[in-house]
Amino acid sequence: MIKVVIVEDSPVAREFLTYILTSDPAIQVVGIASNGVEALAVVARLRPDVITMDIHMPVMDGFEATRRIMETVPTPIVIVSGSTTATEVACTFRALEAGALAVVLRPPGMDHAAFEASEKELLRTVKLMSEIKVMRRIPRAARKPALASALVAPVSPTVVKIQLVAIGASTGGPPALQKILSGLPADFSAPILIVQHIAAGFVTGFAEWLAGTSGFPVRVASHGEVPLPGHVYVAPDSVHMGVARGPVIVLSDHPAENGLRPSVAYLFRCVAQVLGPGAVGVLLTGMGRDGADELKMMKERGAITVAQDKESSIVHGMPGEAIKLGAATHILLPEEIASLLVALVKNGTGDTHEYR
């Protein structure tokens with residue numbers, strides 16, 4: 001039985017979430033809190049398997065509650081947002097910096113067309129996050145300066161110019177992406193295309209958050225635009241993102257792949273076919289196997305391919321499947337991925353021997 005504590009200041013929302021969560025026989029709501037201060041006490045006393053957290057609450061908001069819980073009683077936290085406006089979503093994603101694992105949309109009313117899909121996503125996320133082993137975060141005042149990340153494999157002299165970096169991510173992807181982009185210099189000269197599995201309505205706010213925390217220009221991609229050096233493009237809701245010769249960004253309403261649209265598979269396959277060795281493919285944390293086969297296709301066509309390592313992945317499904325296939329030339333931490341990208345783009349290409 002998965003023990004859940006709900007942190008939400010609205011009585012109506014609390015009752016609604018309780019109804020949804022307890023509709024699954026594997027979940028038990030063991031506690032309720034109406035603000036962050038109550039949440040600290042309830043979590044310390046009940047030690048739940050997972051917490052659903054609201055952001056805007058009196059006394060202590062969800063950001064501060066998340067930070068303190070992760071410093072004292074580390075517990076998987078799922079942020080449940082009731083808004084899809086870009087500014088609110090960007091603000092909500094700040095909770096990931098405090099230690100939350102995922103952000104999901106609170107299901108709409110039961111008579112809404114999107115209720116069933118949203119309900120399933122909430123239940124799936126709560127179950128998945130309950131299995132994650134989280135570590136205690138060091139309080140900010142006690143933190144020491146971070147050490148430089150480990151050096152990546154040596155890079156060979158320029159052979160092929162890296163024209164584009166393609167990245168795919170799902171559960172746990174936002175903080176990994178933030179670490180990678182934050183590790184790149186302002187003069188990074190290749191465009192970056194990202195497919196991040198995310199709830200419908202969140203992508204614009206996600207792009208705003210990623211831009212604000214990384215310092216890079218991040219935008220939702222548009223059909224037909226030419227990707228610019230040092231710019232980041234995120235796939236929009238409900239369409240695939242790929243590339244055509246140029247390169248130029250192509251958006252498509254082709255059927256879902258691996259049950260997903262946008263899919264990482266579509267992006268990686270297009271990049272493999274169009275750019276071959278002139279691209280880098282990166283597959284990050286996420287459930288399932290979206291993009292694993294296509295990362296191997298990129299490798300077979302001469303591209304440098306990277307899978308996130310198991311230790312730093314929230315869910316090692318997608319990168320783990322790629323590693324099993326032998327699709328990754330490198331298996332790295334997010335910080336190491338940034339270092340590798342800098343070296344590859346600066347020098348043109350890297351050697352393609354297996355590296356860990």
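# A guided look at the second largest pocket, salt bridges and cores

Visitor: Which residues lie nearest the centre of the second largest pocket?

Guide: This is a predicted model, in which local features need pLDDT of at least 70 and side-chain atom pairs count only at pLDDT 80 or more, while totals for chains, interfaces and linings use all residues. Residues are numbered from 1 along each chain as its sequence is written, and side-chain values use heavy atoms, with hydrogens and water left out. A pocket is, on a 1 Å grid over the protein atoms alone, an open set of points where a 1.4 Å probe fits, with protein on both sides within 12 Å along at least five of seven lines, and its lining residues have an atom within 4 Å of a point. The second largest pocket is lined by 41 residues, and those nearest its centre are Glu121, His197, Ile198, Ala199 and Ala200.

Visitor: What volume does the second largest pocket have?

Guide: A volume here is the space filled by probe spheres set on the grid points, which are joined across faces, edges and corners. For the second largest pocket this comes to about 1000 Å³.

Visitor: Which element gives the most to the lining of the second largest pocket?

Guide: Helices (H or I, at least four residues) and strands (E, at least two) are DSSP runs, numbered from the N terminus. Strand 5 (102-105) and helix 6 each supply at least two residues of this lining. With 7 residues, the element that gives the most is helix 6.

Visitor: How many charged residues does the lining of the second largest pocket have?

Guide: Asp, Glu, Lys and Arg count as charged, Ala, Val, Leu, Ile, Met, Phe, Trp, Tyr, Cys and Pro as nonpolar, and the others, Gly among them, as polar. The lining has 24 nonpolar residues and 11 polar ones, and its charged residues number 6.

Visitor: Which residue forms a salt bridge with Lys120?

Guide: A salt bridge is a side-chain nitrogen of Lys or Arg within 4 Å of a carboxyl oxygen of Asp or Glu, and by this rule the count comes to 14. Lys120 is exposed, at 51% relative accessible area (exposed means over 50%, buried under 20%, partly exposed in between, with a 1.4 Å probe and protein chains only). Its partner lies 4 residues away in helix 6 (residues 115-129), about one turn of the helix. With the closest N and O atoms 3.4 Å apart, that partner is Glu116.

Visitor: Is Arg67, in the network with Glu64, Arg68 and Glu71, buried or exposed?

Guide: Arg68 and Glu64 form a salt bridge at 2.9 Å, and they are 4 residues apart in helix 3 (residues 62-72), about one helical turn. Arg67 and Glu71 also meet in a salt bridge, at 2.9 Å from N to O. Arg68 is partly exposed, at 36%, whereas Glu71 has a relative accessible area of 10%. For Arg67 the value is 17%, so Arg67 is buried.

Visitor: How many residues does the largest nonpolar core have?

Guide: A nonpolar core is a set of buried Ala, Val, Leu, Ile, Met, Phe, Trp, Tyr and Cys residues joined through side-chain atoms within 4.5 Å. Leu21, Met53, Val165, Phe188, Ile192 and Leu284 have the most contacts inside the largest one, whose residues number 85. Apart from that core lies another, of 28 residues, among them Ala221, Val264, Met318 and Ala327.
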